[in-house]
Amino acid sequence: MGYADDMSLAAQGWDQPDAVRVRVPGKINLALLVGPRGDDGYHELATIFQAVSLFDEVTATLAPADITCTMRGAMATGVGAGIDNLAVRAADLLRQEYDIDAGVELTIDKSIPVAGGMAGGSADAAGTLVACARLWQLSADDAELAELGARLGADVPFLISGGCALGLGRGQRLTPTLSRGSYHWVLAMSDHGLSTPEVYARFDHLAAQAGRTPASPDLPRELMMALAAGNPREVGQHLVNDLEPPAFSLAPSLRTLLGVGRRAGALGGLVSGSGPTVAFLACDEDSATNLALELSSQGVAHQIRIVTGPVPGATVI
Ligand code: C5P
């Protein structure tokens, strides 16, 4: 891959910016069907991703040589900004692949919870790839960035494209899915994260205990049909997450939280990804507000947010 070659943005007449700001959404999994663990240590998935309007903002500012990172905002507590940070690794990977000498100062304003099942770390990596590609004037298109992103985490490619998509393999083999209308979600977030590897390990443990070997997952066809029809009631009935039993086993309060939301009138609810964020679907904006008020008054979640989806992926602003 080349840096500032004939195909670069500079050659196309773009001025090199000093700084680039990218807004990147979090995701929820409307279906997460989990198959067996493969030789690479990852489970085979069939998942429907929807990008939702809870955004992190990544600002990439030109720097002489080093990659530095500062995390800010309500959800930044406890996130390391060193080389283990996925955004720093994303900038480093891009620099190696394109032989870049320049550095970058990353500032990340976090609203997506960390270890919350909404791919907050992957969102920051996706935002960093898009921001740094523009900052360093690389010729990389979204497909190339998604390919690099998949090396950092299975959710990164989806957060570059956004919208609504079927993810196969580890979730990184994406096909956009037809989704009519806008969906109103109430997110109930926890103040402590769940570790993704731990939730998958518990999934394996529960399967072994039951003497069951997970089969390759089927496509969540009924959910896909409900999304294509734009029918929130049907969507609510077909939300499914095979990681709920292990997430409940690690965090039993999630089961109670789901019960409260359902009784308060949600069309459906599920743990997002490996949790602990729980997403409740409401039929419209007013119902979402009422549901959020009810959940708040019962004190069952650390933080509650109303979001809509689908929204676009990482976007320069
Ligand atoms: O995708 P990510 O690198 O965030 O995944 C973290 C860990 O979660 C993996 O190392 C693996 O243990 C587990 N995982 C899995 N199957 C998946 C996704 C994640 O077992 N499809």
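**View 1. Four strands line up as an open antiparallel sheet.** In this predicted model, the strands follow the order 9-10-7-11. Strand 9 (268-271) and strand 11 (303-309) are the edge strands; each has a single partner strand, so one side of each has no neighbour in the sheet. From one strand to the next, the twist averages 25°. As a reminder, strands of a sheet pair through backbone hydrogen bonds, and the pairing can be parallel or antiparallel.

**View 2. Strand 7 meets strand 11.** Here you can follow strand 7 (residues 183-189) as it pairs with strand 11 in the antiparallel sense, over 7 bridges. To find one pair for yourself, start at valine 186: its bridge partner in strand 11 is isoleucine 306.

**View 3. Helix 9 packs on the sheet.** Look for residues 253-263, which make up this helix. Helix 9 touches strand 7, strand 9 and strand 10 (278-282). The direction of helix 9 makes about 10° with that of strand 10.

**View 4. Residues surround the ligand.** Around the ligand you will find Arg37, Gly41, Tyr42, His43, Leu45, Ala154, Thr196, Pro197 and Tyr200.

**View 5. Oxygen atoms of the ligand approach polar atoms of Gly41, Tyr42 and His43.** At glycine 41, a polar backbone atom is 3.4 Å from a ligand oxygen. With tyrosine 42, an N or O atom in the side chain is 2.8 Å from an oxygen atom of the ligand. For histidine 43, the distance from a side-chain N or O atom to a ligand oxygen is 2.7 Å. How much of the ligand does the protein bury? Taken alone, the ligand exposes 440 Å², and the protein buries 74% of that.

Note on methods: Residues numbered from 1 in each chain as written. Predicted model: local features only at pLDDT ≥ 70, side-chain atom pairs only at ≥ 80, totals over all residues. Heavy atoms only, no water. Pairing = 2+ DSSP bridges. Helix = DSSP H or I, 4+ residues; strand = E, 2+ residues; numbered from the N terminus. Axes fitted to C-alpha atoms, helices over the stretch in contact; angles between N-to-C directions. Contact = heavy atoms within 4.5 Å. Near = heavy atom within 4 Å. Polar contact = N/O pair within 3.5 Å; in protein donor to acceptor, adjacent residues only side chain to side chain. Areas by Shrake-Rupley, 256 points an atom, 1.4 Å probe, with all protein chains shown as cover.
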